[in-house]
Structure formats: C-alpha cells, structure tokens
Amino acid sequence: MTRTLVVGTGIAGLITALAHPRPEQVMVLTKAEPAASNTYAAQGGIAAVTEPPAPGDSVAAHVSDTLTAGAGHCDPRAVQALCADGADRIADLIAAGVPFDRTAGGGLSRGLEAAHSVARILHAGGDATGAGIADALLATAARAGIEVRGHTLVTELIADGARVRGVRALTSGGGQVEIEADAVVLATGGAGQLYPFTSNPDVATGDGVALAARAGAALADLEFYQFHPTTLALPGNFLVSEAVRGEGAVLRDAHGVRFMMGVHPDAELAPRDVVARAVADRMRSTGAPVRLDAIALGAARLAERFPSIDAAVRAAGLDWASEPVPITPAAHYWMGGVSTDLAGRTSIPGLYAVGEVARTGVHGANRLASNSLLEGAVFGHRAALATSSDSGAWAPELDLAADQNDPAITASSPAGARPRCTRASMQNLMWDAVGLGRDGDELAGAEQTFAGWADGDQAGSEAGDDLGAHEDANLLLLARLTARAARLRTTSMGAHHRIDHTRVLERTP
Ligand SMILES: Cc1cc2nc3c(=O)[nH]c(=O)nc-3n(C[C@H](O)[C@H](O)[C@H](O)COP(=O)(O)OP(=O)(O)OC[C@H]3O[C@@H](n4cnc5c(N)ncnc54)[C@H](O)[C@@H]3O)c2cc1C
C-alpha cells in the first residue's frame, strides 16, 4: 500500500518523496508532465547561508532580512527553521546533482537580490536555477525507484471521519481513480492563474488550497499575493529576474526618468511590493509601459549571466543590450495558503501541505526573493520525516483564530462544479479589484460577483472528466476566499495594499 501520497512534482513534492525514510512506500502524482511547475520556471536562485558564509553573512542575517521583508507578519519560529536548515538542504540538493554555478576558485557563486543585505543567492545555469533543480530531483527520484504518475489531476480528498485517507483523481484518459494512503502531502504550488497577468505556468491553479478548503482545513494569509515588478509586457509575461536589477539594471519611465530613487532608499532593489506598486503607478500616470534598462551590463554579460532571459527577450524581437525593454508587474507568488506547523501538518489529521501551497509563516506579508525554493526544500524534508513517524494524536501548533476558511463559501463552490463565468472574466475582476491596489467597496463588489458566479444553476453540475472545469471551480472558490480576506484586512501590510486606508492616512493630520 502507498503510505505517503505526494501531490506535485515541484521542489517541495520531490524533496518530500526523496527525504522519506522508506521511498518504496511513496507515490507521487502530478497533473501534467512532471517538469510542469513553478519550480521549473524559477530563475534567480535559492537563498541560503552555506559554509563558509559570504563575508558579513550569517543565519541571523538571513533571518533578519526575511523578517524585514515580511513586514512584521512572519512567524519567527518558522523563519528560524527556514534559515537554519538552509545549509543542510543545499547539501542535499548538491548530492542530488543540482549543478550550482561555481566561482573560478570552485566555491559556490552567490548573487545579490532585492532586500537581501548580503549576496547569498545560489544559482544554476546562470538564470535556470529551477530547471537545474527540477531535472536533478526528477532524475534522482527515478533512480530511487519512486513512482511518479504524470497527467493525474487530484480532484478531491477522501476523508474517513476526521482523517484524510487518500485522494480521487482524474487521469488524462478520462478515467477516475481512488488512491488510499496513510498520509497525503499537498505540494501543488501556487495560484498565479487567478490573475490575467502572471509569471506562473498554466498548472498554477491553486488546486491544493481549494482541495484543503473543501475538506475544512484551516487557511491563512490569503490576502497576501506578491506581484513581481518586472515581467515582459508581452503575452506570456516572461519574468525578468530581480537578479538583473541586482547586477545593475535600472527602471525608467516613458520619459527615460529613473524614478525608483525618489520612491525608496534601495531604489530598484526595494522590496518587491514597493517596486511593483511604483511601476504600476508610473504606468498609470504616464499611460505607457515602464522600461527595464540593462544596457550598462553589456551584451556579453547579459548572455553569460542570464542565458534564459536573454534568449526569451531576443525571441520577442528585443535587443536589451542596446534598448530598454517594456515591463509590467504580474502575479507571482502566494504567501497565503493551507495553515501548517513546522513539519507541514495541517489542521486535518493525515493531511500535510508543503511549498507554495502552504502557509508556514515564513513569508509573512511579503516573501523575500529566493526564499520559496528554500521553503520547499526545508519543509518538504521536515514533512517527509513527520509522515513516516506520525502516529496517534494529531496536535499541530496552528493559530486557528487566523483561519480564513469559510464553510458557507466552500459549500456553495463544490468540487468539479462548472462556474457560470469564464476564467478570463474571473481573472480580470481579480486584477481590477484584488490586485496591486485594493479598495473596500470594490472588494465587497467583487466578492458578491464571485458568489453569483458560483451559485448559479449550472454551478452544481458535474465537470466530469473536464480537467479545465475542475481548475476553474478551484480558481473561483479561491477568488472568493481571497477577496473576502482582502476586504477584512482594512489596513495595508506588505503586499496587501488598501488604497482606501492610504487615503484615510493622507487625510489624517
Ligand atoms: C517565473 C518564476 C520565477 C521564480 N523564481 C524564483 C527564484 O528565483 N527563487 C525562488 O526561491 N522562487 C522563485 N519562484 C517561486 C518558486 O519557483 C515557487 O514558489 C516554488 O518553486 C514552488 O514550489 P512547489 O514545489 O511548492 O510548487 P510547484 O513547483 O509549482 O509544483 C507544483 C506541482 O503540483 C502539481 N499540481 C498542482 N495541482 C495539482 C493537482 N490538482 N493534481 C496533481 N498535481 C497537481 C503541478 O503540476 C506541479 O507539478 C519563481 C516562480 C516563477 C513562476
């Protein structure tokens, strides 16, 4: 029998499988090709303090940077676990064959990214870190004989009394399967497809959060969605990593003015939410895209340090070594998700969540760049040990007062229901009302609209073997829950920006 069932083949799911003391008892499911994941798309790198640390670096410094970026909303215990476990998990990745870039002297090459006080970002293939990690972990899982089933979309959690006992899933051939397990680990990644502009691939439809919500699991921090400031302002929103700004690229408005210096002391390397909002504001005030100026880096450096981005930019017909390129903010990373303890345990016995689907508290209101790959490795490893040793009482330390799940909403958004809206209309409303700047009345209106789309005559009809309809139902449920969470937090914090609150502050003498 499968004792531990892992859902997802990003870094979090694969590390959970590989770190399990009995890999022969693990099965991994994933809804598309195993390489389709946010992990594969990751560019900039993975943050960690490795031995010997860079001059001036320490676990305490990494903790401090993470807490600062999180805007006072992190769980300090989770941050300490994330940063302290970092070196060991990097050692695991190296042992699994991840080809981290090296200096001429053979040491690990380290880059600087926004809001890090020290250059501590390890990278592979220049800007192809995620692909380097995913390829190495998939190959290691194959060598270890771990069963990885692709094209299997998990549509429901099976519960027996209060405990999760397995999953229902749809295979690409249209068949439904039920798989029993002692432990189910959700490692399903983020939900960038909630928005029309996103750096995330198509698989990022938030399924794990929706599955957990319907099963009654506690959720938290749903209102905190990070928007990346620099994606190409072209279809597909290819991400231009922060590391490009770390190497010296700057932002200019339509008049060529370098505006970030007047916004924040760290200018282009200010926290992501600050840069993203400043870019959006400048685009609104000038009526034209903002441009990323990387000319000073030169063609050779751009091609050598950022080969994937260089290829994508040039494929779009742009020569970024000689002209600034148009960029736009896009939905990038969900800080909120399924509430877990420091070993991935959720509020439901037998159910674990790791990686972007989870809300561990490490990111607070705003994720520090390159901490999410590390989160997947650290908490995937911790969950693997927990699934193999947990028995009897289930008592994770969770702040249930912060639970944002709402049974009334989940009941009216059943699994597999066909929403009465198109995905595009849901995405556009999310962008307009639950995007970079939020207003209480608009949030309330959006919530009502989402509720109407979920409750219509067709909402109860089964989606059957239509994979897209399952994803749409999940997205609509998450849109409602996110709009509600954003409405209820009436002040601004980190990535959650209430423009009505800012207006009140501006009027206050
Ligand atoms: C363009 C881009 C660049 C990034 N750059 C960086 C970076 O440089 N550094 C950094 O730290 N972070 C970066 N991130 C964020 C980081 O990549 C992710 O947060 C992280 O990889 C998430 O890992 P994960 O294992 O939790 O999820 P993912 O890697 O997204 O994997 C989720 C898996 O679950 C599967 N799945 C989903 N739903 C189901 C279902 N219902 N049934 C079965 N399978 C399912 C998916 O197919 C996928 O295999 C970047 C993200 C993007 C999009």
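User: Before we start, what does "partly exposed" mean?

Analyst: Partly exposed covers relative accessible areas between the two cut-offs: under 20% is buried and over 50% is exposed. Keep in mind that this is a predicted model.

User: Why is Arg 314 called partly exposed?

Analyst: Its relative accessible area is 35%. That value lies between the 20% and 50% cut-offs, so Arg 314 is partly exposed.

User: And what makes Asp 310 buried?

Analyst: Asp 310 has a relative accessible area of 10%. Buried means under 20%, so Asp 310 fits the word.

User: How do you know that Arg 314 and Asp 310 meet in a salt bridge?

Analyst: Their N to O distance is 3.2 Å. The rule asks for a side-chain nitrogen of Lys or Arg within 4 Å of a carboxyl oxygen of Asp or Glu, so this pair counts. Both residues lie in helix α11, four residues apart, about one turn of the helix.

User: What makes Glu 397 and Arg 77 a salt bridge too?

Analyst: Here the N to O distance is 3.3 Å, which is within 4 Å, so the pair qualifies. This pair links distant parts of the chain, 320 residues apart: Glu 397 sits in the loop between α12 and α13, and Arg 77 in helix α4.

User: Why is Glu 397 called exposed?

Analyst: With a relative accessible area of 58%, Glu 397 is over the 50% cut-off, so it is exposed. Arg 77, at 41%, falls between the cut-offs and is therefore partly exposed.

Technical notes: Residues are numbered from 1 along each chain as its sequence is written. This is a predicted model: local features need pLDDT of at least 70, side-chain atom pairs count only at pLDDT 80 or more; totals for chains, interfaces and linings use all residues. Side-chain values use heavy atoms; hydrogens and water are left out. Helices (H or I, at least four residues) and strands (E, at least two) are DSSP runs, numbered from the N terminus. Buried means under 20% relative accessible area, exposed over 50%, partly exposed in between (1.4 Å probe, protein chains only).
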